[in-house]
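Please study the structure shown here and work through the exercises that accompany it. Each task is followed by a solution in steps.

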Amino acid sequence: MKIAIPRLGRILLVAIQQDLSDDEALAFQSNLLGTIAEIEALGVVVDISALDVVDSFMARVINDTANMARLLGAEVIVCGIQPFVAFTLVEMGRGLLSADCTFNLEQGLKTLQSRIASRGDYSLPDEHDDLII
């Protein structure tokens, strides 16, 4: 299964809608990092609200991907973590330490906008502005 990576200017929005096998998770990571490099993305929001379970491998992939994305120059926000997923990650000792987390996509985009603006890079457009970043 290939995960679509829609763009909003130089922002990438990723929604993981179902559990991924280990191979699919690694393919997702590679595809996302390639897209970040290709468009010189300023940031990525990864929505995992549809996931009821995040195992230790997937948590590691998300953490590693966030670290790698930051090395490429992109900020990473993970949104929509379900309570049971948060409980499980903490119980496993697998917090998402490399990514900032928000409740939902809207908060994720606002947080991303703030982080990008604080870097002195471009900002996300207001709702009436063009989407060119």
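The exercises below concern a predicted model.

**Exercise 1.** Determine which elements make up the protein chain and in what order they run.

*Solution.* Begin with the count: the protein chain contains four helices and five strands. Next, read from the N terminus; the elements follow one another as β-β-α-β-α-β-α-β-α.

**Exercise 2.** Describe the sheet and identify its edge strands.

*Solution.* First, establish the order: the five strands form an open sheet, S1-S2-S3-S4-S5, with mixed pairing. Then look for strands that pair on one side only; these are S1 (7–8) and S5 (100–102). Finally, examine how S5 is attached: S4 (residues 75–79) and S5 run parallel and are joined by three bridges. Within this pair, isoleucine 77 is opposite aspartate 100 of S5.

**Exercise 3.** State which strands helix H2 and helix H4 lie across.

*Solution.* Take H2 (residues 56–72) first: this helix lies across S4 and S5, at about 155° to S4. Turn then to H4 (residues 105–119), which lies across S2 (11–15), S3 (43–47), S4 and S5. The angle of H4 to S4 is about 165°.

**Exercise 4.** Decide whether phenylalanine 84 is buried or exposed.

*Solution.* Locate the residue: phenylalanine 84 belongs to helix H3 (residues 83–91). Its relative accessible area is 53%, and exposed means over 50%. Phenylalanine 84 is therefore exposed. As a last step, consider aspartate 52, which is 32 residues from phenylalanine 84 in sequence but 7.2 Å away in space, C-alpha to C-alpha.

Key. Residues numbered from 1 in each chain as written. Predicted model: local features only at pLDDT ≥ 70, side-chain atom pairs only at ≥ 80, totals over all residues. Heavy atoms only, no water. Pairing = 2+ DSSP bridges. Helix = DSSP H or I, 4+ residues; strand = E, 2+ residues; numbered from the N terminus. Contact = heavy atoms within 4.5 Å. Axes fitted to C-alpha atoms, helices over the stretch in contact; angles between N-to-C directions. Buried < 20%, exposed > 50% of the residue type's maximum accessible area, 1.4 Å probe, protein only.
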